[in-house]
Amino acid sequence: MKIAILGGDGFVGWPTSLHLSACGHDVHIVDNLSRRWIDTELGVQSLTPMDSIQERTRIWTEQTGKAIGFHLLDVASDYERLKAWLAEHRPDAIIHFAEQRAAPYSMKSDRHKTYTVSNNVNASHNVLNALVATGLDAHLVHLGTMGVYGYSTVGAAIPEGYLPVDITLENGERAPQEILYPANPGSVYHMTKCLDQLMFQFYAKNDGLRITDLHQGVVWGTHTKETRLHPQLINRFDYDGDYGTVLNRFLIQAAVKYPLTVHGTGGQTRAFIHIQDSVRCIELALNTPPAAGERVKIFNQMTETHRVRDLAQIVADMTGADIAYLPNPRKEVEENDLIVKNDQFRELGLDPIKLESGLLSEIVEVAEKFAYRVDRTRIPCVSAWTEDLARKVETDPERRRLKVVSGG
Ligand code: NAD
Ligand code: USQ
């Protein structure tokens with residue numbers, strides 16, 4: 001299959017590109033390298049030393065004899081070039097990672113909100129628009145988020161995208177329907193993923209586009225089978241207060257003896273998936289496309305759920321790290337339960353990597369190995385969801401104490 005990987009230079013996109021190339025597909029990465037520019041804007045860098053995309057693809061060819069194309073293109077702002085690229089290359093499938101994906105970054109300021117909305121919504125719409133305009137029947141696989149469902153405890157399992165409901169008709173009879181699960185975003189970033197869902201629904205209905213939306217949980221880990229092949233194929237690893245996700249942050253914090261930064265009570269429950277399983281799920285989804293005219297196929301791409309404070313305790317037990325309970329800069333439910341259905345990937349053969357089995361190697365092979373590259377001042381989460389929360393976080397005595405004792 002010829003596959004366009006939009007955002008293929010990123011954390012999930014890079015190992016996916018390698019894996020699909022290893023499987024024998026003709027892989028083309030399309031990326032504007034905006035994520036690398038954001039590192040520069042924030043004054044941070046990946047924990048792992050990451051080469052240029054050209055160098056990465058050169059090493060891949062050297063190691064495997066397989067080629068991966070790279071095309072520098074802004075999917076959100078250069079519609080005409082995107083359309084021309086699709087018309088020329090005519091991929092059989094498109095995997096769409098090309099969005100600004102950090103909730104804290106999306107909430108930093110009004111400028112960051114505007115950028116996130118305009119980048120993400122335009123990127124998704126441009127792809128859909130160009131598919132119709134070029135008459136291309138490519139299967140579009142999009143990386144969405146579990147965050148579209150929100151995190152309020154309802155006491156029922158979250159279904160895979162669609163919720164069965166009964167509508168009471170005028171005559172009093174009940175009509176069963178399936179609707180998109182009510183969107184309940186917790187940040188501007190998550191809001192853009194909710195908007196994506198509506199665009200997918202419309203284009204599948206109106207133009208018969210074949211679309212799969214993967215509602216993914218928090219991804220943890222670094223390596224996959226293919227990134228291990230050579231040191232220069234290594235994946236990126238974000239640990240800073242904007243892009244670092246919770247479990248990977250705890251791992252590196254433990255490695256540099258920085259107290260584990262739990263927000264609030266740590267009662268937030270989230271869904272998780274290892275990067276190797278994420279790549280595997282994308283492959284499974286790619287191989288089972290919906291038919292033209294079918295509604296958007298939605299999978300919950302996660303393997304286990306955990307409470308943040310339990311994750312901190314697991315990492316503390318393994319490493320002896322201290323835990324710091326800090327004021328939460330985010331406006332989010334303090335304590336929630338989360339039960340999630342993921343039957344579809346299980347039925348397709350996903351055999352998940354469990355947290356307990358993968359954590360130790362991640363600490364030794366990555367966190368401790370590259371700990372010397374950590375800038376401790378970039379660890380604190382400083383992006384607050386509201387002005388009030390910003391003030392609360394800034395003046396909190398525990399946070400100030402942590403800053404002094406940890407040097408961060
Ligand atoms: P990332 O930021 O590492 O990668 C995104 C890539 O897209 C980057 O290489 C960036 O340069 C590129 N990009 C962004 N806007 C672009 C544009 N307009 N044109 C071309 N390229 C553009 O993010 P990631 O962690 O790899 O996440 C990939 C996708 O998966 C995102 O859509 C994200 O929402 C979703 N997701 C990620 C996680 C996670 O924990 N990392 C969890 C759930 C869902
Ligand atoms: N948290 C802490 N301490 C930290 C960092 C985070 O307690 O040092 C808490 C947060 O307050 C939140 C939870 O951990 O309650 C998860 O935060 P996160 O930064 O790990 O994840 P999130 O912001 O939800 O975003 C990440 C990805 C995003 C993806 C999402 C999937 O960046 O692209 O969509 O996970 S999900 O969470 O399922 O919506």
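In the predicted model, a network of salt bridges links Arg35, Asp39, Arg101, Arg236 and Asp238. Across the whole structure, 25 salt bridges are found.

One further pair joins aspartate 9 to arginine 36, with the closest N and O atoms 2.6 Å apart. Aspartate 9 is located in the loop between β1 (2-6) and α1 (13-22), whereas arginine 36 belongs to helix α2; the salt bridge therefore ties together parts that are 27 residues apart in sequence. The relative accessibility of aspartate 9 is 5%, so this residue counts as buried, the cut-off for that class being under 20%.

Other salt bridges involve residues with greater distances along the chain from the N terminus of the numbering, namely those of aspartate 375 and aspartate 388. Arginine 378 and aspartate 375 meet through their side chains at an N to O distance of 3.8 Å. Both partners are partly exposed: arginine 378 has a relative accessibility of 34%, and aspartate 375 has a relative accessible area of 30%. A salt bridge with an N to O distance of 2.7 Å is formed between the side chains of arginine 391 and aspartate 388. These two residues are both part of helix α13 (residues 387-395), where a spacing of 3 residues corresponds to about one turn of the helix. Aspartate 388 has a relative accessible area of 54% and is thus classed as exposed, since that class begins over 50%.

The surroundings of ligand 1 were examined next. The shell consists of 29 residues, of which Val12, Asp31, Asn119, Tyr189 and Lys193 come nearest to the ligand. By class, 12 of the shell residues are nonpolar, 9 are polar and 8 are charged. At least two shell residues are supplied by each of α2 (34-42), β5 (139-145), α7 (188-207) and β9 (218-220).

Polar side-chain atoms approach both nitrogen and oxygen atoms of ligand 1. An N or O atom in the side chain of asparagine 119 lies 2.8 Å from a nitrogen atom of the ligand, and a polar side-chain atom of asparagine 32 is 3.1 Å from a ligand nitrogen atom. For tyrosine 189, the corresponding side-chain atom is 2.6 Å from an oxygen atom of ligand 1. On its own, ligand 1 has 820 Å² of accessible area, 97% of which is covered by the protein.

How values were computed
Residues numbered from 1 in each chain as written. Chains lettered and ligands numbered in written order. Predicted model: local features only at pLDDT ≥ 70, side-chain atom pairs only at ≥ 80, totals over all residues. Heavy atoms only, no water. Near = heavy atom within 4 Å. Polar contact = N/O pair within 3.5 Å; in protein donor to acceptor, adjacent residues only side chain to side chain. Areas by Shrake-Rupley, 256 points an atom, 1.4 Å probe, with all protein chains shown as cover. Helix = DSSP H or I, 4+ residues; strand = E, 2+ residues; numbered from the N terminus. Nonpolar A, V, L, I, M, F, W, Y, C, P; charged D, E, K, R; others polar. Salt bridge = Lys/Arg side-chain N within 4 Å of Asp/Glu carboxyl O. Buried < 20%, exposed > 50% of the residue type's maximum accessible area, 1.4 Å probe, protein only.
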